Amino acid sequence: MKIVILDGAILNPGDVDWGPIEALGEVTVYDETAKEQLAERAKGADVLLANKTCLRRDDLPILDSVRMVGVLATGYNTVDVEAFAERNIPVCNVVAYGVDDVAQHAMALLLELCRHTSQHTESVKAGDWERAEQWCYWKYTPLCLEGLTMGIVGFGSIGRRVGELAHAFGMSVLAHCRTPKNPPSYSPFAFASLDQLLAGSDVISLHCPLTPQTRNLINAKSLAKMRKGAILLNTARGPLVDEAAAAEALKSGQLRGLGTDVLSKEPPSRDNPLLSAPNTLITPHIAWATVKARQNIIDLTAENIRRWQEGNQVNVVNGVGKA
């Protein structure tokens with residue numbers, strides 16, 4: 001079996017092990033693959049694996065040997081899953097590979113927005129403490145999380161972990177999801193409508209998938225429904241947020257702060273309004289990037305391939321071969 005990895009560099013710059021996939025067949029790894037390189041590199045491949053390389057309907061004629069596609073991520077909007085389903089080619093993703101990683105990143109953004117540790121560190125290094133008139137000083141008043149309310153939009157495995165962490169910090173938790181069930185054991189906790197969550201939360205953390213219904217879920221209208229001075233976190237998908245509306249809310253003070261690991265276009269163009277918005281933290285889509293999480297992606301992808309070989313495929317996102 002021939003397995004081709006189209007863009008392996010971002011997943012594995014050399015600190016994780018392709019071994020579990022290499023044990024399943026002949027593996028070729030490319031750092032990146034441009035569209036014009038796809039035909040040559042995919043020739044003869046039984047399995048194509050990709051992280052961000054787009055695979056569209058018009059690519060199908062040159063993928064005549066491909067029998068399975070694996071997405072080296074949870075999100076699969078880079079693949080035209082319906083087109084591959086028409087060819088009876090299963091598309092499989094990996095899930096729950098970095099639950100703790102993403103949840104911790106969301107909390108790291110929140111703590112930085114509340115405590116301003118990096119800004120105060122730079123201030124001290126610049127000599128501000130030496131020049132201070134008192135024994136301590138602060139450039140931004142810290143915010144304590146205890147007693148505040150965390151609103152979580154999307155209550156899957158990552159959303160639930162964020163809820164647990166928020167509870168550990170003494171926060172109450174509200175959650176909004178399509179199918180509210182299995183409430184956690186901690187308290188205070190409640191499921192809520194989206195409007196209830198927007199109005200009742202001091203911090204709102206996004207953990208829902210990107211769909212036509214959730215695109216620009218956070219927009220001028222929903223921002224106006226939030227408590228003045230709320231904090232918004234996004235470690236899910238960039239297009240969940242209308243970035244221009246969020247930038248205006250940050251400038252007006254409707255939002256106290258924004259912490260995001262994702263943007264609508266990645267990498268961003270220089271005219272992205274969030275790049276110049278106040279009280280904004282932006283990390284370059286790295287919540288998933290720990291060694292542990294990236295190795296989990298490889299291990300889970302190998303399991304997806306093995307199960308497909310056995311005729312018992314899992315994590316299929318386009319319905320092909322599902323029982």
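How much of the chain over residues 14-318 is helix and how much is strand, and how far apart are the end C-alpha atoms? In this predicted model, that stretch is 32% helix and 15% strand, and its end C-alpha atoms lie 31 Å apart. To begin the tour, select residues 14-318, to which an unreviewed UniProt entry assigns the feature "domain: D-isomer specific 2-hydroxyacid dehydrogenase catalytic".

**Stop 1: strand E4 and its partners**

Select residues 68-71, which form strand E4. Then add residues 47-50, strand E3; E3 and E4 are parallel and pair over 4 bridges. Within this pairing, Leu-48 has Val-69 of E4 as its bridge partner. Next add residues 91-92, strand E5, which runs parallel to E4 and is joined to E4 by 2 bridges. Here Gly-70 is bridged to Cys-92 of E5. To see the connection, display helix H3, residues 81-86: E4, H3 and E5 together form a right-handed β-α-β unit.

Now colour E4 by accessibility. In a regular strand, side chains alternate between the two faces of the sheet. Met-68 and Gly-70 occupy one side of E4, while Val-69 and Val-71 occupy the other. Each of these four residues is buried, so both faces of the strand are covered.

**Stop 2: Thr-149**

Move to strand E6, residues 149-153, and select Thr-149. Is Thr-149 buried or exposed? Its relative accessibility is 12%, and because buried means under 20%, Thr-149 counts as buried. Beyond its neighbours within four places in sequence, Thr-149 contacts Met-171, Ser-172 and Leu-174, and also Gly-200, Ser-201, Asp-202 and Val-203.

**Stop 3: the nonpolar cores**

Which residues have the most contacts inside the largest nonpolar core? Select Ile-204, Leu-206, Ile-218, Met-226 and Leu-232, which hold that place in a core of 27 residues. Elements giving two or more residues to this core are helices H8 (194-200) and H10 (243-252), together with strands E9 (203-206), E10 (230-234) and E11 (255-260). H10 supplies the largest share, 5 residues.

Centre the view on Ile-204. Leaving aside neighbours within four places in sequence, Ile-204 is in contact with Gly-151 and Val-153, with Leu-197 and Leu-198, and with Met-226, Ile-231, Leu-232 and Leu-233. Apart from the core of Ile-204 lies another core, of 24 residues; to locate this second core, select Ala-103, Met-150, Phe-155 and Phe-189, which are among its members.

Definitions and conventions
Residues are numbered from 1 along each chain as its sequence is written. This is a predicted model: local features need pLDDT of at least 70, side-chain atom pairs count only at pLDDT 80 or more; totals for chains, interfaces and linings use all residues. Side-chain values use heavy atoms; hydrogens and water are left out. Buried means under 20% relative accessible area, exposed over 50%, partly exposed in between (1.4 Å probe, protein chains only). Contact means heavy atoms within 4.5 Å. A nonpolar core is a set of buried Ala, Val, Leu, Ile, Met, Phe, Trp, Tyr and Cys residues joined through side-chain atoms within 4.5 Å. Two strands pair if DSSP finds at least two bridges between them. A crossover is right-handed if, with the strands pointing away from the viewer, the path from the first strand over the helix to the second runs clockwise. UniProt positions are given in the numbering used here, feature names are shortened, and annotations may be inferred rather than shown by experiment.
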